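Here are my notes on the model, written for a colleague who will want to check each point against the coordinates. They are set out as numbered points, and each can be read with the structure open.

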Amino acid sequence: MIPLVDLGAQYAVIRDELQRAVDDVFQSGTFVLGPQAKAFETEFAAACGVPYAVGVGNGTDALTLALRALDVGPGHEVIVPASSFVATAEAVCLVGARPIFADVSPETLTLTPAAAAACVTQRTRAIIAVHLYGHPAEMDALEVLARQHGLALVEDAAQAHGARFRGMPVGSLGTAACFSFFPSKNLGAPGDAGIVVTNDSLLAQRVRRLANHGRGAGEKYTHAVVGTNSRLDEIHAACLRVKLGRLTGWNQRRRAIAQRYDARLRAHPALTLQVVSPQAEPVYHLYVIRTARRDELAKKLARRGIATGVHYPAPLHLLEAFAGLGYRRGDFPVSERAAAEVLSLPMYPEMTDRQVDEITNAISQILEDTIS
Ligand SMILES: *Cc1c(COP(=O)(O)O)cnc(C)c1O
């Protein structure tokens with residue numbers, strides 16, 4: 001059996017370090033708003049090349065709190081790619097604004113700057129660029145567009161910890177960036193966790209206040225605004241600190257696995273592989289191929305003990321949750337076709353080259369079998 005991800009294989013390597021880190025937190029008696037979260041914020045901000053980071057409860061909260069801190073709310077529009085995980089658009093709705101979907105590039109499935117430009121109106125306040133599957137969006141053109149219209153540019157970097165664009169780490173490319181540490185992400189906590197990073201000290205202060213019941217630094221029962229409770233727990237932060245030290249190595253291994261997949265699948269006429277844009281250094285949160293025979297291929301791989309996933313089976317504008325926005329099938333052809341064709345193959349740093357070969361051999365056999 002080859003799973004899509006194998007967190008057990010990772011745990012086996014770092015078990016002692018994690019257990020010591022967790023034990024230290026229990027010994028300290030501080031579980032929320034303590035030194036581990038503070039230290040992790042400093043270390044993660046440094047990894048992103050920015051001065052400020054605010055740990056929060058999860059990636060969806062990171063997006064929601066960043067939008068609130070940017071004063072995005074009712075009457076406002078936020079441009080969002082039609083290909084993403086639901087949370088990107090959910091966050092826009094949660095602050096009372098309206099997501100405006102735009103199509104993505106057929107090469108990288110990230111937001112097309114031209115499509116985003118066509119969506120700008122008087123009500124637009126922000127663009128959310130999603131670094132889908134760990135491949136950075138076209139941040140230079142999006143930055144120009146945002147600057148021209150005075151819009152905030154928010155990075156949804158939930159799948160892209162450690163990725164780079166023109167040599168710059170994601171997290172440093174917009175007004176603010178939001179990360180998730182859901183367990184299966186490239187950097188994962190033992191539960192839900194997230195973070196907002198930014199170059200803007202005032203914005204960081206506002207996120208921190210909103211995430212902590214509207215309290216400012218050092219305040220206990222002073223609540224200047226209606227906030228919420230969304231903080232990075234000490235146990236999560238302590239574990240994330242252990243893992244952050246290994247992220248670069250894990251991402252390197254992900255890239256090597258992706259290169260091996262690429263080399264062995266490239267010749268297949270039935271498959272479309274992800275294109276890496278020349279400015280991008282992706283981190284392959286997912287390794288995704290596209291084929292018109294997706295469902296058949298997934299079923300036959302499963303029979304051979306090879307797990308796969310579909311990220312995601314429907315573009316955002318066709319989800320029932322957003323039916324009220326009035327979009328229809330046909331509105332975003334690239335995103336719609338991707339949803340019908342994408343297939344995620346097993347991808348985790350502990351995978352062996354032999355497992356990759358087993359998977360690519362199985363794919364070749366399945367595709368050749370049914371042609372003849
Ligand atoms: C995982 C993910 C999120 C949400 O993160 P959670 O921590 O699960 O709330 C947002 N956007 C994208 C692209 C994601 O992959």
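1. Helix 3 passes helix 4 in a right-handed crossing, and by class the residues in this contact are six nonpolar, three polar and one charged. The structure is a predicted model, and what follows should be read with that in mind.

2. The geometry of this pair can be stated further: helix 3 and helix 4, the latter made up of residues 87-94, pack with their axes 9 Å apart and at an angle of about 40 degrees. The two helices are therefore oblique to each other. On the side of helix 3 the contact is made by Thr60, Leu63, Thr64 and Leu67, which meet Ala87, Thr88, Glu90, Ala91, Val92 and Leu94 of helix 4. As a general aid to reading such lists, an α-helix has 3.6 residues a turn, so residues three or four places apart point the same way.

3. Helix 3 also packs against helix 7, which spans residues 201-211, and here the axes come within 9 Å and cross at roughly 120 degrees. An angle of 65 to 115 degrees would count as roughly perpendicular and one over 145 as roughly antiparallel, and helix 3 and helix 7 are therefore oblique to each other. The crossing of helix 3 and helix 7 is right-handed.

4. In the contact with helix 7, helix 3 contributes Leu65, Ala66, Arg68 and Ala69, while Leu203, Arg206, Val207, Leu210 and Ala211 come from helix 7. Sorted by class, this contact holds seven nonpolar and two charged residues, with no polar ones.

5. How much of helix 3 is buried? Eight of the 11 residues of helix 3 are buried, so that the helix is mostly covered; these residues are Gly59, Ala62, Leu63, Thr64, Leu65, Ala66, Leu67 and Ala69.

6. The two ends of helix 3 also deserve a look. At the N-terminal end, Asn58 acts as a cap, with a side-chain oxygen 3.0 Å from the backbone nitrogen of Thr60. After the helix comes Asp71, which has a positive phi, near 65 degrees.

7. Ser172 sits in the loop that runs between strand 7 (168-169) and strand 8 (176-180), and its relative accessible area of 14% makes it buried. A polar atom of the Ser172 side chain lies 2.6 Å from the backbone oxygen of Pro169. Setting aside neighbours within four places in sequence, Ser172 is in contact with Cys48, Gly49, Val50, Glu155 and Asn199.

8. His285 belongs to another loop, the one between strand 11 (280-281) and strand 12 (287-290), and is it buried or exposed? With a relative accessibility of 8%, His285 counts as buried. The side chains of His285 and Asn186 are joined by a polar contact of 3.0 Å, and the residues that His285 touches beyond four places in sequence include Tyr133, Gln159, Lys185, Arg254 and Met347.

9. Leu301 lies in helix 10, which covers residues 294-303, and counts as buried at 0% relative accessibility. Apart from neighbours within four places in sequence, Leu301 is in contact with Ile306, Thr308, Leu343, Leu345, Ala362, Ile363 and Ile366. From Val13, Leu301 is 288 residues away in sequence and 28 Å away in space, taken from C-alpha to C-alpha.

Conventions. Residues are numbered from 1 along each chain as its sequence is written. This is a predicted model: local features need pLDDT of at least 70, side-chain atom pairs count only at pLDDT 80 or more; totals for chains, interfaces and linings use all residues. Side-chain values use heavy atoms; hydrogens and water are left out. Axes are lines fitted to C-alpha atoms, for helices over the stretch in contact, and angles run from 0 to 180 degrees between N-to-C directions. Helices (H or I, at least four residues) and strands (E, at least two) are DSSP runs, numbered from the N terminus. Angles under 35 degrees count as roughly parallel, over 145 as roughly antiparallel, 65 to 115 as roughly perpendicular and the rest as oblique. A crossing is left-handed if the near helix is turned anticlockwise from the far one by less than a right angle, and right-handed if clockwise. Contact means heavy atoms within 4.5 Å. Ala, Val, Leu, Ile, Met, Phe, Trp, Tyr, Cys and Pro count as nonpolar, Asp, Glu, Lys and Arg as charged, and the others, Gly among them, as polar. Buried means under 20% relative accessible area, exposed over 50%, partly exposed in between (1.4 Å probe, protein chains only). A polar contact is a pair of N or O atoms within 3.5 Å; within protein, one must be able to donate a hydrogen and the other to accept it, and residues adjacent in sequence count only if both atoms are side-chain atoms.
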